[in-house]
Amino acid sequence: MKMLQSALLILLVLAGLWLPSQLVGQVSYDRILSAANEPENWLTYNGTYSSQRYSGLRQITPSNVDNLELKWMLQNQVFGAWQSNPIVVDGIMYVTERPNDVMAVDAVTGRVFWLYRHTPSEDARVCCGANNRGVAVLDDKVFMGTLDAHLIALDATNGQPLWNVEVGDENLGYSITMAPLVVKDKVMVGVGGGEFGIRGFVIAYDADTGEEAWRFYTIPGPGEPGHDTWSGDDWEHGGAPVWITGSYDPELNLTYWGVGNPGPDWNADQRPGDNLYSDAVVALDADTGELQWYFQFTPNDGYDYDSVQVPILADMDWNGVPSKLMLWANRNGYFYVLDRVTGEFLSGTPFVKVNWSSGLDENGRPIPTPQPPGSPTWPGNQGGTNWYPPSYSPRTGLFYVSAWEDYATIYEKEEAEYQPGRMFLGGGFTVLTPVPGAPTIGIGRTSPINNWTDEVGRGAVLALDPHTGEAKWRFEQFDVSDSGMLTTASDLLFTGGREGYFHALDARTGELLWKASLGGQIVMAPITYMINGEQYVSVISGHTLVTFGLRD
Amino acid sequence: MSVMISKIRHRMPSFISLSVFWLSSFALLLSTTEPGLAQSSYADHQYTSEDIEAGLRVYIAECALCHRRNGSGVDGVDLRLGQFRRPLSDNDLREVITTGIANGRMPGIDLRQDELDGIVAYIRAGFDPSGVAVRVGDAVSGQMLFEGEGECSTCHRVNGEGPYLAPDLSNIGVIRTPAALQRTLLEPSSALLPINRPVRAVTRDGETIRGRRLNEDTYTVQMIDAEERLRSLIKADLVEYEVSETPTMEPATLSSDEIADLIGYLLTLGGLE
């Protein structure tokens, strides 16, 4: 009934008969708070504030997934990896494309209502492509961060910009590639630039006005706790970016953010100390931005092990006690379970081959085992996993993640001089190959031919049991994958990979139930939604957003 | 509307574990020298580090004024990167250095043989005093070897001539360094790119297909078979699938001068302009 009303209202709006301010389609904070109760929509980057990427929809099941068929495709007219995560609100999909376009799309037909194009400054610089991972919505507004480090609020009805603030100076290497997070009346973003010697931060703005509400620097300044984990003026250009959307626990009123690598990336000798809060998760008060706790995964990192994974919040018994947990498969190759109330380390287990450390101590601090110069380090530079979102299904109790297996890197470090706005890397790396000069895996796929082969690295979907860190099952792929995960209440797991296959697996067993060859790399996670009683699954492959539903 | 969808209900076939084994064995190769190949046999094909260091001194004294320290001082020539106006064997280089180039573009320089060898070694090592300087011989002799005694052309195709069994070498001179070519000739098993590995598949109806891999993914493999046909196989339809780490190419049994000549020829292969 609600769906019918919504559709009717949208029609009225389109006909100019209804004022946008009266739309029930508006996304109030209360709606986002209880997004799990309306699985027909996909209201935030990871579906809900707990970021489980688990949908309550169950129309598509293991027994009928065979009947999925193509419903529509939306072709991106811009080249480059398309990493955006769509949001779906009452039949309308909001999705970004490179570099900073926002589109409002009819989620039933794939036809576009409006397109807003922000052309970033030519001075904008990013390490790894002109990526944008999507928008956030709150009330009648859509929010996008830009490559030149602006945050823009758009009118959700017609795409007109309402406010536009400078978050960071693009000439100093600041950028935004992540989808913002909205909590209550605020919109929050972090900044990228870990390869340019920025000083990272998370910042919150009043969603109505664009006025700054609070700011948390991921590198403490003089006099602040943690400042002594840096030496000299290293803290001024020590990186620690935040380029993946955080999670939120409304009961604790805490937002959780993964923090990226310290700079220069590969010469850890040049910045002695733990380099807080690089490669850490920080728990920030949603109203004030005040730090409540932190946990650092990789102190004094020399491997570029950004901790920009999505913090998955899950409630379950831990040692027989009902607990509020955080589940985290880190780029450094360890899978962690933390107490999200206190930040206490509960367990950590390698989920891929790890040789940069021989294990974790009782506080979760890694025991470093740096490899001799010229020797390979596992996991390699792109990590055991990376930024693409995992999923947790409360039904199976399993944590699902894309892992890069048998992938190693040989690091070289050298002294780097910080120059504002320039690359600040401190060395470089080569990927371990079976023969000298063989092709290697890069950031993203640029050819339909896999001429590096599985001998340089393979992909696997791992279904980890949080209690043991062991994989209950694994689904192996010939090439590595940068695809995120989606699970549903019918125990389906949807994911993809660089090969362009879109797979539906049985979330309990890992059995392949269905696949479609979409042809372009899948470098983000699928989403699901329901309109007029029909469940859809959308995924971006190459330059195409593809939406499936059951055969009519 | 039901496009692009196929139904599949198979677990991954067992070849994955095989791949894991190969990966680990090849990772070892990176850090160790193949036991069968003594260091001295490579030395026959290379200049010594003394040659290279001597060449550095002579180069700075005699050549750097025009060619600059980095070797790029003359238009169209980058000595460090091995880019010349035309393909040059080592003897060609010695010839140019001693006789110069007409019309006063480059003076001839009177050098002792060891000084000449040093400069050539320094250039072949890419200006890296600790680098490897591979000897580059005569391209015309090299082509005769390629098409005759060396039996290269029984598998490799060049400029539209020859079979498709092994990779086409029409542009190999611009995509491989002399050191990489030398490695391939002397130790094919340590130089074969993974994607080019020989594969063998047996289908459900008993057909055995052998060939060279062109592409592979989780569910399929593309290859060129022994009859030079392009084949695409679905792994789930195979009862056996093997990727071999042993190339069909044998290590060359030619003399070091002949290897140098072959490298000289291969370096002339620049593909279509």
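**Figure 1. Overall view of chain A in the predicted model, with its confidence scores.** The pLDDT of chain A averages 94, and 95% of the residues score at least 70. Residues 15–24 of chain A depart from this picture, since their pLDDT stays under 50. For this stretch the model has 14 contacts beyond four places in sequence. The secondary structure of chain A consists of 2 helices and 37 strands. Along the principal axes, the C-alpha atoms of chain A fill a box of roughly 65 × 50 × 50 Å. A compact globule with 552 residues would have a radius of gyration near 24 Å, and the 22 Å of chain A agrees with this. Of the 552 residues, 60% count as buried. Among contacts between residues at least 6 apart in sequence, 58% join residues at least 24 apart.

**Figure 2. An open sheet of 4 strands in chain A.** The strands follow the order 15-16-17-18, and their pairing is antiparallel. Strand 15 (247–249) and strand 18 (291–296) stand at the edges; each has a single partner strand, so one side of each is left without a neighbour in the sheet. From one strand to the next, the twist averages 20°.

**Figure 3. The pairing of strand 17 with strand 18 in chain A.** Strand 17 covers residues 280–285 and runs antiparallel to strand 18, to which 5 bridges join it. Within this pair of strands, Val281(A) stands opposite Phe295(A) of strand 18.

**Figure 4. Two cis peptide bonds in the loop between strand 16 and strand 17 of chain A.** Most peptide bonds are trans. A cis bond nevertheless joins Gly263(A) and Pro264(A), with omega about 0°. Pro264(A) has its place in the loop that runs between strand 16 (254–258) and strand 17. The peptide bond from Leu276(A) to Tyr277(A) is also cis, and its omega is near -5°. Tyr277(A) likewise lies in the loop between strand 16 and strand 17.

**Figure 5. Asn253(A) and Asn300(A), two residues with a positive phi.** Most residues other than glycine have a negative phi. Asn253(A) is not a glycine, yet its phi is positive, at about 55°. The loop between strand 15 and strand 16 of chain A contains Asn253(A). With 15 other C-beta atoms within 10 Å, Asn253(A) is partly exposed. Asn300(A), also not a glycine, has a positive phi of about 50°. This residue is placed in the loop between strand 18 and strand 19 (312–318) of chain A. Asn300(A) is partly exposed as well, having 17 other C-beta atoms within 10 Å.

**Figure 6. The surroundings of Gly383(A).** Gly383(A) belongs to the loop between strand 24 (366–368) and strand 25 (391–393) of chain A. There are 25 other C-beta atoms within 10 Å of Gly383(A), so the residue is buried. Apart from neighbours within four places in sequence, its contacts are Tyr305(A), Arg331(A), Asn332(A) and Trp404(A). Trp404(A) is 21 residues away from Gly383(A) along the chain, and the C-alpha atoms of the two are separated by 7.0 Å.

**Figure 7. The domains of chain B.** Chain B is divided into domain 1 (49–124), domain 2 (149–191 + 250–266) and domain 3 (193–246). Domain 2 is thus written as two segments of the chain, 149–191 and 250–266. Between domain 1 and domain 2 of chain B, the C-alpha centres lie 26 Å apart.

Note on methods. Residues are numbered from 1 along each chain as its sequence is written. Chains are lettered from A and ligands numbered from 1 in the order in which they are written. This is a predicted model: local features need pLDDT of at least 70, side-chain atom pairs count only at pLDDT 80 or more; totals for chains, interfaces and linings use all residues. pLDDT is the predictor's confidence in each residue, from 0 to 100. Two residues are in contact if their C-beta atoms, placed from the backbone, lie within 7 Å. Two strands pair if DSSP finds at least two bridges between them. Axes are lines fitted to C-alpha atoms, for helices over the stretch in contact, and angles run from 0 to 180 degrees between N-to-C directions. A residue is buried if 20 or more other C-beta atoms lie within 10 Å of its own, exposed if 12 or fewer, and partly exposed in between; C-beta atoms are placed from the backbone. Domain bounds come from an automatic or database domain assignment. The radius of gyration is taken over C-alpha atoms; the globule rule is 2.2 Å times the number of residues to the power 0.38.
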